[in-house]
Amino acid sequence: MSLLSFFLLPLLSVSAHSYSYYGLSNNIDCGSATNSTDGFNTTWLSDRFYTGGSSYYVSEPLQFRHPQEKTLRFFPPSSGKKNCYVVPNLPSGRYYVRTFTVYDNYDGKSHPPSFDASVEGTLVFSWRSPWPEDLTRTGAYSDLFVFVTDGEADICFYSIATDSPVVGSLQIVQVDPASYDGGFDGRKYILVNYGRLSCGSGQWGPGFSNDTDQFSRSWQSDAQFRTNDSESPARVISTTNSISHAGDAPNFFPMKLYQSAVTADGKKNLEYDLNVDAKLDYLLWFHFAEIDPKMNKVGDRVFDIFINDKNVTRIDIYKEVGSFRAYTWHYTVKNLSNTQLNVQLKGVAGTPLISGLENYAMVPADVATLPEQVIAMRALKESLRVPDRMGWNGDPCAPTNWDAWEGVTCHLNKNETALVISRIDLGSQGLKGFISDQINLLSDLLSLNLSSNSLEGKIPLGLGQKSLQRLDLSDNQLTGSIPESLTSSNLQLVLLNDNSLDGRVPEQLYSIGVHGGAIDLYGNKGLCGVPSLPDCPLFWENGGLSTKGKIAIGISCGVILCLMLLVLYIIYVRRRRNDYDFGFPHDLIPLGAKTNRYHRQKSIAVLEMESQHAKADLQPLQGK
């Protein structure tokens, strides 16, 4: 899809107001180092929220009246193919996004670049060299309406060949989410402006005049789009009267739009030719107000609207709303087969009249990467220290018109509602970080190649337990043990050679090679436990105690505890026994000792006397 014909507002003293229905707007002066205020009292922020690139000045700054038009940001090939502005802290809702694109030969090469631009992951603008001469010198504005649901707006630029995309300014304004309700789900489409015409007036609105628009829309004269017909010339009419209901929600159209109009004389026809791109749907929004006091009853002014020669409706403004009151009508043109959209207003009674006409391409919102996988990829970008030249910015997979991030392959999920990461190939890219644990959020990853870098740290726990089939982490500086999650039955190739891993190799992982897969663990001196590797120490594995070691230590601790308890028990018992063994006082010991000696002496004397008596009794017997 090429959007080369998108509506461009050539630079005519253009600036921008910060009028916002919700009071939230960001006006970024791309390339500027300071804040500034333009002639319309709008504050422009210094350049911020960009992912890369460099700032520069236009070559002829004097031809630009306002400061935000004199600087730009460009994205050279060294910044990668894809670069973005990521504007944070945005409430979910609908936003008006407006960009100013300028070249003005800032680089002296006289070669306006070819590049694409996307908003929220959907391709919306394409610039191809050579640009029209007036746009090359003065630049142009382009705008759209888009829903933001993730808290940040991604406006990205994709280089074609080796060209450097450029951007001069960026505006993001919150609008009513129910605006431009054409009977379709607005979240599924981005409305790209292909023509916002004010009939019977010149250019006006934010950037062209002091006239305000709550959505910051600018309006262009319809004159260059109106088909000239000498037999049916257009006539401009205008009024200073107030137009009721002009600023009603949800679109808040400015009253000035309805205070001028064009009508036709002669053959009573008005005709517009609008440039479009084929194979897209278009939302046409018509604006009417009966501002001719002579047309004061039903039937005075009746006309049919033809779109590409098809009669789509009949309009009687007075019948619908009366006089001096805003009236709008919209129509969707389906799947155009050519690049021309013809609109005719053919009079039935009186002459046709129109106040304004808007034409929006309904660009289908591209599918985006699953939010949790975006989180994982951004975490990997930081942990792996992916260099800027690889362009890892914005959505990893979207837009689908572009290549995914360098080294990344994506595909639709099963129900085709989102994109998922299926392959990461970053071998030999000079990476020097570590593998983030967030990689486990990539539940659809089939192949991971981070070989021949300088990655450190451990292999994340949980890696491989889902869909992973091929893993190559060889030739890095990884440490620690091999996680059990790599025993996944889906793995067919495991290359962990030439790292500093240690510990026991899970037997189920090693069996991959037995069952037709391939595994290489060479060069990890600390690994053990499988054929071709040393036996693991009895009580040590995977950088720590083995199960047996833990059991042995537990038993040893139990035995030691029991022995300590036994010793304590013996000491306790002995102390209790001593507590009940009462002895004589120290000062009574000499008396006790003397008493004992007295008794011993007495006993000896008695024995001697008894012995002498015995002998006396024996002597008379001997004499006889």
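## A tour of strands, sulfurs and rings

Select valine 302 to begin: across from this residue, in S24, stands alanine 349. One thing to keep in mind as you click around is that this is a predicted model.

**Stop 1: the four-stranded sheet**

Now widen the selection to strand S21 (residues 302-307) and strand S24 (residues 340-349). The two run antiparallel and are joined by six bridges. Which strands complete the sheet? The order is S19-S24-S21-S22, an open sheet of four strands with antiparallel pairing. Strand S19 (269-275) and strand S22 (310-315) are the edge strands, each pairing on one side only. Look along the sheet for the twist, which averages 20° from one strand to the next.

**Stop 2: the nonpolar cores**

Next, bring up some side chains. In soluble globular proteins, nonpolar side chains tend to be buried together. Here the largest nonpolar core has 96 residues. Which residues have the most contacts inside this core? Select Leu144, Val192, Tyr272, Phe286, Phe288, Ile305 and Ile354. There is also a second, separate core, this one of 42 residues; Cys397, Ala398, Ile421 and Leu448 are among them. Keep Phe286 and Cys397 highlighted, as the tour returns to both.

**Stop 3: a run of rings**

From the core, zoom in on phenylalanine 286, which is buried with a relative accessible area of 0%. A search of the whole structure finds 29 aromatic pairs. In one of them, the ring of phenylalanine 286 partners that of tryptophan 329: the centres are 5.5 Å apart and the planes are at 45°, so the pair counts as tilted. This pair links distant parts of the chain, with phenylalanine 286 in strand S20 (residues 281-288) and tryptophan 329 in strand S23 (residues 327-333), 43 residues apart.

Is tryptophan 329 buried or exposed? Its relative accessible area is 16%, and that makes tryptophan 329 buried. Tryptophan 329 also forms a stacked pair with tyrosine 331, at 5.9 Å centre to centre and with 15° between the planes. Tyrosine 331 itself is partly exposed, at 22% relative accessible area.

For a bigger selection, try Tyr56, Phe74, Phe75, Tyr103, Tyr106, Phe115, Trp127, Trp131 and Phe157, which form one aromatic cluster.

**Stop 4: charges over rings**

Two more selections put a charge over a ring. Pick arginine 73 with tyrosine 50: the charged end of arginine 73 sits over the tyrosine ring, 3.5 Å from its centre. Then pick lysine 256 with tryptophan 204, where the charged end of the lysine is over the ring and 5.7 Å from its centre.

**Stop 5: the disulfides**

Time to colour the cysteines. How many disulfides does the structure hold? There are three. If you number the bonded cysteines in sequence order, they pair 1-2, 3-4, 5-6.

Start with cysteine 84 and cysteine 156, joined by a disulfide at 2.0 Å from S to S. The pair links distant parts of the chain: cysteine 84 is in strand S7 (residues 82-87) and cysteine 156 in strand S12 (residues 153-159), 72 residues apart. The torsion about the S-S bond is about 105°, so this disulfide is right-handed. Both cysteine 84 and cysteine 156 are buried.

Move on to cysteine 397, the one flagged in the second core. Its disulfide partner is cysteine 410, with the sulfur atoms 2.0 Å apart. This link is left-handed, with -75° about the S-S bond. Cysteine 397 lies in the loop between helix H3 (371-384) and strand S27 (408-412) while cysteine 410 is in strand S27, so the disulfide ties together parts that are 13 residues apart in sequence. Cysteine 397 counts as buried at 5% relative accessibility, whereas cysteine 410 is partly exposed at 23%.

Finish with cysteine 528 and cysteine 536, whose sulfur atoms are 1.9 Å apart. The S-S angle here is 100°, and the link is right-handed. Cysteine 528 and cysteine 536 are both buried.

While the cysteines are coloured, click on cysteine 199 as well: it is buried, with 0% relative accessible area.

**Last stop: an exposed glycine**

Where is glycine 516? Look in the loop between helix H4 (507-514) and strand S34 (518-520). Glycine 516 is exposed, with a relative accessible area of 71%. Draw a distance from its C-alpha atom to that of leucine 493: the two residues are 23 apart along the chain, and the separation is 9.5 Å.

Key. Residues are numbered from 1 along each chain as its sequence is written. This is a predicted model: local features need pLDDT of at least 70, side-chain atom pairs count only at pLDDT 80 or more; totals for chains, interfaces and linings use all residues. Side-chain values use heavy atoms; hydrogens and water are left out. A disulfide is a pair of cysteine sulfur atoms within 2.5 Å. Buried means under 20% relative accessible area, exposed over 50%, partly exposed in between (1.4 Å probe, protein chains only). Two strands pair if DSSP finds at least two bridges between them. Axes are lines fitted to C-alpha atoms, for helices over the stretch in contact, and angles run from 0 to 180 degrees between N-to-C directions. A nonpolar core is a set of buried Ala, Val, Leu, Ile, Met, Phe, Trp, Tyr and Cys residues joined through side-chain atoms within 4.5 Å. Rings of Phe, Tyr and Trp (its six-membered ring) pair if their centres lie within 6.5 Å; planes under 30 degrees apart count as stacked, over 60 as edge-to-face and the rest as tilted. A charge sits over a ring if NZ of Lys or CZ of Arg is within 6 Å of the ring centre and within 35 degrees of the ring normal.
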